[in-house]
Amino acid sequence: MNAVDITVNQKRITEEIQKLYRRGEPLNISAVKDRHPHLIAAVYKIKPFWGWKQALESAGLDYSMIKKHLRKHVACRICGIKMRVLMSHIQKKHQMSLDHYKKQYPGAEVISPSSSSGVGQPRRRMEIPHWEKNWTPEYVLDRVYAMKARGIPINGAYMNDNDNTTYNMCCRYFKRLTVVYKALGFDSQTVAGKRENGWWTRQAVMRRLRERCDTGQGLSYRAIVRSEGGLIVAARKHFGSYDAAMRSVGLNPDKYRIFKRRNHPYPTQSSVIDEICRRKFVGLTLSYSGVVRGENRDKSLVMRGRKLFETWDKALIAAGVVSADDLKK
Ligand SMILES: [Zn+2]
């Protein structure tokens, strides 16, 4: 596929999305997969990776504008019965294990989109908030892509620790992270922070830790997980924990620990800017009154923004989400 084809395809897709939007059709991934599967398939065929979120944006839409619909039932591929979840039905009625069913019917759902919508929306920490209501393989790709675009590490160790639900969904739908990277067009070696030559043996871990120490590179967990996620995974595998690996080369882990400030969610100007950009990214309001009183309010963000940037408007300008000219209007 050459560059010209891509533009033509993307334009055609964008127009189709706009048409559906004008018709008032729901445009979340699950709904479009049900009604217009060719459209979702076409979007995910585009290389370099495009994804549904970016396709919507190209059509001038974001998640706050679109209608969402989640199908309440899923049909059994064997007998056609429609239920919210099929797990026990498959096992009891057809005496078939779930694994066997999935093998027999590749890609078959066993849980309806609406039933899966609660999954993974807990109070657990996520690097970026949800925008789809339920999980789909396509949404997983969009999320990992968006994380990378925001400079968030997407190696296994980091994702497992900091956005566990996304990590688990990667494994559920794609088995291995390398499959996800490939689908997104990322180089596994680069994003996974793997060693260039060979594997992380016990000795290699120890050597690398000493090397980082000698060359003054960060040795905190946070410093390493951002640049060399594979090192953390290997340290845990060979030594049980990262701390134990450090002790094995005579380093005192306590000396290198970085404690996050937990007393304020937005300790610095950059953390305020990050959060403003994140809200913009997921389509949450940034108006003063909206952030103070709206449905998705975050009063501490406004207070902190005013304190660190004088005014809320100046914080928005610093974050680059509005220009000074915009505010004069
Ligand atoms: Zn059945």
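Two residues count as in contact here if their C-beta atoms, placed from the backbone, lie within 7 Å. Keep that in mind as you click around this predicted model.

**The whole chain**

Start zoomed out. The C-alpha trace spans about 65 × 60 × 45 Å along its principal axes. Switch to cartoon and you'll be looking at 21 helices and 2 strands. Of the 329 residues in the chain, 28% are buried. Among contacts between residues at least 6 apart in sequence, 62% join residues at least 24 apart.

**Colour by domain**

Give a colour to each of domain 1 (3-58), domain 2 (74-104), domain 3 (202-256) and domain 4 (269-328). Now look at the first pair: the centres of domain 1 and domain 2, taken over C-alpha atoms, are 31 Å apart.

**Into the largest nonpolar core**

Next, select Ile17, Ala55, Val140, Val144, Cys170, Ile232 and Ala235 and show them as sticks. Within the largest nonpolar core, which has 44 residues, these touch the most other members. Then pick helix α7 (residues 137-149), the top contributor to this core with 6 residues. With your domain colours still on, check who else chips in: domain 1 (3-58) and domain 3 (202-256) each supply at least three residues.

Centre on Ala55 for a moment. Leaving out residues up to four places away in sequence, Ala55 touches Ile13, Thr14, Ile17, Val43 and Trp50. Another core lies apart from this one; it has 10 residues, including Tyr266, Ile273, Ile276 and Val302. We'll meet two of those names again shortly.

**Helix α14**

Select residues 229-239, which is helix α14. Its buried residues are Gly229, Gly230, Leu231, Ile232, Val233, Ala234 and Ala235. Step on to Gly240, which follows α14 and has a positive phi, near 90°.

**Helix α17**

Last stop: residues 269-282, helix α17. Put a distance between its end C-alpha atoms and you get 20 Å; at 1.5 Å a residue, its 14 residues should span 20 Å, so the two agree.

Which residues of α17 are buried? Show Val272, Ile273, Glu275, Ile276 and Arg279. Now turn the view to look down the helix axis: the buried residues fall within an arc of 165°, so they line one face of α17. To see what covers them, add α19 (299-309) and α20 (312-318), which are among the elements doing that job.

Finish at Gly283, just after α17, where phi is positive at about 80°.

Conventions. Residues numbered from 1 in each chain as written. Predicted model: local features only at pLDDT ≥ 70, side-chain atom pairs only at ≥ 80, totals over all residues. Core = buried A, V, L, I, M, F, W, Y, C linked by C-beta atoms within 7 Å. Buried ≥ 20, exposed ≤ 12 C-beta atoms within 10 Å, placed from the backbone. Helix = DSSP H or I, 4+ residues; strand = E, 2+ residues; numbered from the N terminus. Domains from an automatic or database assignment. Expected span 1.5 Å × (residues − 1). Arc of directions from axis to C-beta.
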